[in-house]
Amino acid sequence: EITGQTTNVRYLLSLYLQGPLDDQSVSPFPEGTRLVMLDIHNGQYFVQLSQEFSQLSGIDLTVACACISLTLFELSDCKSIHFTVPNILLDGQREIVMQRNDIILEYINR
């Protein structure tokens with residue numbers, strides 16, 4: 001239920017990280033992942049997630065970052081997203097940065 005909260009990005013992202021409501025869907029985020037901090041500066045979103053998020057690597061990390069990014073790009077005027085976990089590297093990096101142009105969706109009609 002997001003009535004009255006459609007512009008509250010922090011609230012929406014926190015709900016999103018809780019995972020799906022039905023048993024048929026699977027969350028790309030490790031259980032317990034939560035939003036620690038969200039700062040917004042000039043269209044740049046600085047998303048700090050809990051240590052559970054650092055369990056991801058490789059394609060799993062890419063998919064999780066892409067899911068959050070697509071959601072934030074759709075909900076806001078976001079230009080880039082900087083993902084971090086306090087005092088922990090993400091797949092060997094201090095931060096993962098996604099920009100609107102980094103994600104390309106391709107639709108094929110068959």
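The exercises below walk through a predicted model of one chain, each with a worked solution.

Residues are numbered from 1 along each chain as its sequence is written. In this predicted model, local features need pLDDT of at least 70 and side-chain atom pairs count only at pLDDT 80 or more, while totals for chains, interfaces and linings use all residues, and side-chain values use heavy atoms, with hydrogens and water left out.

**Exercise 1. The overall layout**

Task: State which secondary structure elements the chain has, and in what pattern they follow one another.

Solution. Begin with the elements themselves, where helices (H or I, at least four residues) and strands (E, at least two) are DSSP runs, numbered from the N terminus. The chain comes to two helices and four strands, and reading along the sequence gives the pattern α-β-β-α-β-β. Next, consider burial, for which buried means under 20% relative accessible area, exposed over 50%, and partly exposed in between (1.4 Å probe, protein chains only). Of the 110 residues of the chain, 35% count as buried. Finally, look at contacts, meaning heavy atoms within 4.5 Å: among those between residues at least 6 apart in sequence, 50% join residues at least 24 apart.

**Exercise 2. Two helices side by side**

Task: Describe how H1 and H2 pack, and list the residues that make the contact.

Solution. The first step is the geometry, in which axes are lines fitted to C-alpha atoms, for helices over the stretch in contact, and angles run from 0 to 180 degrees between N-to-C directions. H1 and H2 pack at an angle of about 150°, and their axes are 11 Å apart. The helices are therefore roughly antiparallel, since angles under 35 degrees count as roughly parallel, over 145 as roughly antiparallel, 65 to 115 as roughly perpendicular and the rest as oblique. The last step is to name the residues: H1 contributes Val9, Leu12, Leu13, Tyr16 and Leu17, and H2 contributes Cys67, Ile68, Thr71, Leu72 and Leu75.

**Exercise 3. Aromatic pairs**

Task: Find how many aromatic pairs the whole structure holds, and describe each of them.

Solution. A pair of aromatic rings is described by the distance of the centres and the angle of the planes. Rings of Phe, Tyr and Trp (its six-membered ring) pair if their centres lie within 6.5 Å; planes under 30 degrees apart count as stacked, over 60 as edge-to-face and the rest as tilted. With this rule, a search of the whole structure finds two pairs.

Tyr16 and Phe29 form an edge-to-face pair, at 5.7 Å centre to centre and with 70° between the planes. This pair links distant parts of the chain, with Tyr16 in helix H1 (residues 9-17) and Phe29 in the loop between H1 and strand S1 (35-41), 13 residues apart. Tyr16 is partly exposed at a relative accessible area of 30%, whereas Phe29 is buried at 8%.

Phe53 and Phe83 form a stacked pair, at 6.4 Å centre to centre and with 25° between the planes. Phe53 lies in the loop between strand S2 (44-49) and helix H2 (58-75) and Phe83 in strand S3 (residues 80-84), so the pair ties together parts that are 30 residues apart in sequence. Phe53 is buried, with a relative accessible area of 0%, and Phe83 also counts as buried at 0%.

**Exercise 4. Residues in the loop between S3 and S4**

Task: Work out whether Leu90 is buried or exposed, and which residues Leu90 touches.

Solution. Start by locating Leu90, which is in the loop between S3 and S4. With a relative accessible area of 0%, Leu90 is buried. Not counting residues up to four places away in sequence, Leu90 touches Phe53, Ser54, Leu61, Phe83, Thr84, Val85 and Ile96. The C-alpha atoms of Leu90 and Gln51, which are 39 residues apart along the chain, are separated by 9.7 Å.

Task: Describe the backbone angle phi and the exposure of Asn87 and of Asp91.

Solution. Most residues other than glycine have a negative phi. Asn87, although not a glycine, has a positive phi of about 60°; this residue lies in the loop between S3 and strand S4 (96-99) and counts as exposed at 84% relative accessibility. Asp91, again not a glycine, has a positive phi of about 50°, and at 45% relative accessibility Asp91 counts as partly exposed.
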